[in-house]
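User: I would like a close look at one part of this model, with the criteria behind each term spelled out.

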Amino acid sequence: MLKQVSIFGENSKGTFQKITAILQQKGINIWGSVTNDSAEFGIIRMVVSDPDLTWQALTEAGYMTRLNSILGIEMNDEVGSLNKLLLSLSESNININYMYLSFNRDSGMPVMVVHTDDIWEVQECLKAKGYSIL
């Protein structure tokens with residue numbers, strides 16, 4: 001099980017860079033990230049090398065942040081892998097709130113970062129189906 005940091009930031013020039021500068025200053029590596037925007041604010045979701053320090057540093061800098069549990073599901077890098085994962089989830093009646101792609105730096109394998117309502121149940125379900133969960 002992984003932790004993800006969600007950062008709510010103003011949708012303005014330089015916001016993302018200011019956040020990454022704070023992480024660089026603290027020696028925090030970004031392993032995966034996705035950004036969703038709206039007219040005034042955006043949500044930056046990140047898997048990082050030190051989620052607790054990230055949360056602390058960004059909160060102290062005035063950003064609204066939240067830590068979430070997420071799943072990192074290692075997959076084969078081949079045609080149909082995502083469809084196979086989604087079919088496995090659908091067959092088990094599991095809804096995905098959102099997902100994004102990262103990579104396992106050790107193995108070089110793609111990792112789907114997934115958020116669902118019941119992380120623990122989904123983790124056990126996918127393990128039983130043979131998936132490798134980080």
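At roughly what angle do the axes of helix H1 and helix H2 cross?

Analyst: This is a predicted model, in which local features need pLDDT of at least 70 and side-chain atom pairs count only at pLDDT 80 or more, while totals for chains, interfaces and linings use all residues. Residues are numbered from 1 along each chain as its sequence is written, and side-chain values use heavy atoms, with hydrogens and water left out.

The axes of H1 (residues 15-25) and H2 (residues 51-60) cross at roughly 125 degrees and come within 10 Å; helices here are DSSP runs of H or I with at least four residues, and strands are E runs of at least two, numbered from the N terminus. Each axis is a line fitted to C-alpha atoms, for helices over the stretch in contact, and angles between N-to-C directions run from 0 to 180 degrees. H1 and H2 are therefore oblique to each other, the class left after roughly parallel (under 35 degrees), roughly antiparallel (over 145) and roughly perpendicular (65 to 115). The crossing of H1 past H2 is right-handed, meaning that the near helix is turned clockwise from the far one by less than a right angle. On the H1 side the contact (heavy atoms within 4.5 Å) is made by Ile 19, Ile 22 and Leu 23, and on the H2 side by Thr 54, Ala 57 and Leu 58.

H2 is also tied to a strand: Asp 52 forms a salt bridge with Lys 3, with the closest N and O atoms 3.2 Å apart, the criterion being a side-chain nitrogen of Lys or Arg within 4 Å of a carboxyl oxygen of Asp or Glu. This pair links distant parts of the chain, since Asp 52 lies in helix H2 and Lys 3 in strand S1, 49 residues apart.
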